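I opened the notebook to record what I looked up in this model. The entries are short and go topic by topic.

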2 protein chains.
Amino acid sequence: MNGAESLVRTLVGGGVDVCFTNPGTSEMHFVAALDRVDGMRCVLGLFEGVVTGAADGYARMADRPAATLLHLGAGLGNGLANLHNARRAFTPIVNIVGEHATYHLQHDAPLTSDIEGIARPVSHWVRTSPSAEHIAADGAAAIRAARTSPGQIATLILPADTAWNEGTGPAAVEPPPPRSKVAGHDIRDAAEALRKDGAGTLILITGQALRLAGTTAAGRIAAKTGCQVLAQTSNGRVERGAGRFSVERVPYPVDQALARLKDFRQVILVGAKQPVGFFAYPGKPSVMTPPGCHIIRLATIEQDLVHALEWLADEVAAKDTPPKLEPAARPGLATGKLTVDAAANAIGALLPEGAVVCDEAVTSGRGLFPFTKGAPPHDWLQVTGGAIGLGLPMATGAAIACPDRKVLALEGDGSGMYTVQALWTQAREGLNVVNVIFANRSYAILRGELANVGAQNPGRKALDMLTLDRPTLDWVDMARGMGVPGSRATTADELNDQLARAIATPGPCLIEAVI
Amino acid sequence: MNGAESLVRTLVGGGVDVCFTNPGTSEMHFVAALDRVDGMRCVLGLFEGVVTGAADGYARMADRPAATLLHLGAGLGNGLANLHNARRAFTPIVNIVGEHATYHLQHDAPLTSDIEGIARPVSHWVRTSPSAEHIAADGAAAIRAARTSPGQIATLILPADTAWNEGTGPAAVEPPPPRSKVAGHDIRDAAEALRKDGAGTLILITGQALRLAGTTAAGRIAAKTGCQVLAQTSNGRVERGAGRFSVERVPYPVDQALARLKDFRQVILVGAKQPVGFFAYPGKPSVMTPPGCHIIRLATIEQDLVHALEWLADEVAAKDTPPKLEPAARPGLATGKLTVDAAANAIGALLPEGAVVCDEAVTSGRGLFPFTKGAPPHDWLQVTGGAIGLGLPMATGAAIACPDRKVLALEGDGSGMYTVQALWTQAREGLNVVNVIFANRSYAILRGELANVGAQNPGRKALDMLTLDRPTLDWVDMARGMGVPGSRATTADELNDQLARAIATPGPCLIEAVI
């Protein structure tokens, strides 16, 4: 059994049984091994940003890592932006990156590059496997690293001769270290702060704290102490909807964030970091909490956040306090002009139970969260690292993880173009993804940002860099070209009809919502 | 004048007057400055791989650097693969990469990443400009670095406060150091080798040696001494066609390369490196020259290669020896079934004088070079770093550099998908690009490579990773979606007609050649 097959068997044995791929010559032994090993599902992407974004979406929903298969430094480079997002979502991923045969590297062939150097800025763990005898153990170590809390990016570089030489057979994967628990004195300090000034306290949460058990415990604490609970601006996955404790997010715009947080006298951080602006702006602060606000760092992202919140609920005697649950309530369908709010109404009104929402709607999406809070229970996934081009790939991966659920990709037209190739993979795999493209024909967020940085009356050259209307992108044509049926909605009524039909129809589709 | 404007004025003053952009918030001051500075042409790409690939194509044809404008580490990451290609083509590029304000970095906001770390593997020169007082001088240093022989990638990181604070106004750009000349004794040694065994000698050239003056000098030497002249497998730009000395390339497939080189007893390297396999294969050598072949390193890529060849021609008394010039000759148009050869016939028969051919046709393109050698004079640009996804962007940039010439992008369907967004930029800018997509509906090169590495009878799972036929990509739909008119050719006659019409029509178009 060669090194490649030893690695594939190690992956499957270690519970990594989906591999998103865009292989090249140096990965051909890995590809050939797939035919000899049962249990690995391989999903081809036509661009590596699709591959890494899909791996992110998959693991967010499956709660275990997928593998990626990437072609040397250039292929890894193409996948870098979505690995950055995955790193910021604490998503476990095992990257397998092909490399030249070890003895060939000295010749500096055209594709030779510093793969470890490219990998390091987005990886928690990087290793080049030196030989076929090492690859199984290295693969097992990569899986363990990926699974280490809070979820890590592990990049294993696989030289071609490590793949093709005789290997050892598969290696067993050691379980990752358990999540550490917060200390009792930290719980008692936080409880004391809550008892002293509940109304002046914000509990800021992210990560696992946004799963149902975490938000429920946070909701009990809020009901008991009068504190508020918010999530970070961007989060990997939120379990929310009717019958659950509803958690708002810190707003993205700096002025809104400052206003939302201005009255808090203390903030308890559970997985989250002290909130800061996504960007700095001249004359505005970087930190969003008010001066003098007391920051209580209860639990870091690596720790057991649900345990921390449940223990804190106990400590403030809220164990049996019912949280305020979101009532089932949907907005009505709008009619007439298709506005951002009309689109949000349609999504809130029609979102099916168990939906997985992949939100990269950028400016068009800011209203979506409140409009859906009373919809049937669903998951909400965001772009955590700010690198646009995740939405369509993330939806693709989430749909692989959750074949029985409906996935909605809510996507800006600007951001959607970065990784538009994801549509083809959705078609090939027959995935249940409804792609809604908010077509405002501009980088609308940048129009606002240009004003924010002090350029109030931009001229033609600046505006040309922010508009997508010359020529107009036709998303229905592009989707058809990749095998995904599409339609265009130019009124609220059209969107309502098309979205209802899309949700009722299996397989992928795309709606271009012209707003 | 703020830092951003000081930088833009430095760029324009330093001859960098085209900027390929995909900006974000942190680049808004740079964008705003564009309105205040005359002379900078800005070209928007909807994905950063388009931006960097276009900058490569532009500089190959303009012989001076363009700038790119990229959004933090994630944007740079998206552009990395084509910067790798540009580095391997010795293309000068000035990357401007936005960064958070210096004081904001400590907060590790979502988009924060190690930009210098991401830049280094593809850059010869990397600098983060620490303040608005430094940015003009840093910009001037970046231009000088990019222009330093043989052409370098300079990456200048621009923190937002460096852009928005008060700057110094533009800085002057120092001229780069001159190309070094080869030493007289190296010329004399090479001449001696040629006199001793001309027939057993290969002169292997790349870089500037493939411009007209270089190939002409090489052709004189060949005519005088009986040596042969070859180019590397992949080269940034070759000036060729009827009435010029024709230079074949070392074949890509290892067995063909070994066969082509097996009889040479000495190789004189002029800019080129000793030829090695693009990849290693089990049981095959890495080095393509035969054992015992004497390697004479006459000039490295940084040196003045044309001067070296002209001096060598003098030294072997070939100064007035006419090189064997390629006769004007075009293949006839094929009829009937659309094969790779029929397509090559069409291109050879119809290629207009002064065409710029951007060749990323991969397996479909191997026959194109011989079929066009007697076509009217033209330039031939290749993917030099092996990272596919360069063809369409490179054609886009070449067309910006050469508005009066026709650009042909010869593109595989697999490779074209990586940066398909380039079509939109072609439409927006009204560029004279004919995009010919060779649609074999597979990663055909990998079918061969799978066999080469020893997997002779691949199973379904492996084959699924190499085929693009489920669903079939419709390139005409995709092009229309991005504003580029397209057509599909399924016979040789259709391709002949469509290509003739496309060449005669201004503006971009796309032909899907189903082979």
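My entries on symmetry, domains, a sheet, a helix and some backbone details follow.

**Entry: the model.** I am working with a predicted model. I keep that in mind for every value below.

**Entry: symmetry.** I superposed chain B on chain A. The RMSD is 0.0 Å, after a turn of 180° and a shift of 0.0 Å along the axis. The two copies are therefore related as by a two-fold rotation axis. I then asked which residue of chain B comes closest to the rotation axis. M478(B) does, with its C-alpha at 2.2 Å.

**Entry: the contact between chains.** I looked up how many residues of chain B are in contact with chain A. I found 79 residues of chain B facing 79 residues of chain A. On the side of chain B, I sorted them by class: 43 are nonpolar, 24 polar and 12 charged. I also compared the two surfaces. Of the contact residues of chain B, 100% recur in chain A, and the same surface serves both copies.

**Entry: domains of chain A.** I noted three domains: domain 1 covers 3–164, domain 2 covers 184–315 and domain 3 covers 340–514. I picked domain 1 and domain 3 of chain A, whose C-alpha centres are 29 Å apart. Between them, 24 residues of domain 1 are in contact with 25 residues of domain 3. Which elements of domain 1 give two or more residues to that side? I listed strand 2 (41–44), helix 3 (48–62) and helix 5 (80–89) of chain A. Helix 3 of chain A gives the most, with 11 residues. By class, the domain 1 side has 13 nonpolar, seven polar and four charged residues.

**Entry: a sheet in chain B.** I traced an open sheet of five strands with parallel pairing. The order is 10-8-7-11-12. Strand 10 (248–249) and strand 12 (294–299) of chain B are the edge strands, each pairing on one side only. I checked the link from strand 11 (residues 266–270) to strand 12 of chain B: five bridges, running parallel. I also looked up the bridge partner of L269(B) in strand 12, and R297(B) is the partner.

**Entry: helix 15 of chain A.** Is this helix buried or exposed? I found 11 of its 11 residues (391–401) buried, so the helix is largely enclosed by the rest of the structure. Among the buried residues are P393(A), M394(A) and I400(A).

**Entry: cis peptide bonds.** I found a cis bond from S149(A) to P150(A), with omega near 5°. P150(A) sits in the loop between helix 7 (135–147) and strand 6 (153–159) of chain A. I found another cis bond from R470(A) to P471(A), with omega near 0°. P471(A) lies in the loop between helix 19 (460–464) and helix 20 (475–481) of chain A.

**Entry: positive phi.** I noted D63(B), which is not a glycine yet has a positive phi of about 60°. D63(B) is in the loop between helix 3 (48–62) and strand 3 (66–70) of chain B. I counted 14 C-beta neighbours inside 10 Å, so D63(B) counts as partly exposed. L72(B), also not a glycine, has a positive phi of about 55°. L72(B) belongs to helix 4 (residues 72–78) of chain B. Why do I call L72(B) buried? Because 27 other C-beta atoms lie within 10 Å, and the cut-off for buried is 20 or more.

Key: Residues numbered from 1 in each chain as written. Chains lettered and ligands numbered in written order. Predicted model: local features only at pLDDT ≥ 70, side-chain atom pairs only at ≥ 80, totals over all residues. Least-squares fit on C-alpha atoms with pLDDT ≥ 70 in both. Contact = placed C-beta atoms within 7 Å. Pairing = 2+ DSSP bridges. Helix = DSSP H or I, 4+ residues; strand = E, 2+ residues; numbered from the N terminus. Nonpolar A, V, L, I, M, F, W, Y, C, P; charged D, E, K, R; others polar. Buried ≥ 20, exposed ≤ 12 C-beta atoms within 10 Å, placed from the backbone. Domains from an automatic or database assignment.
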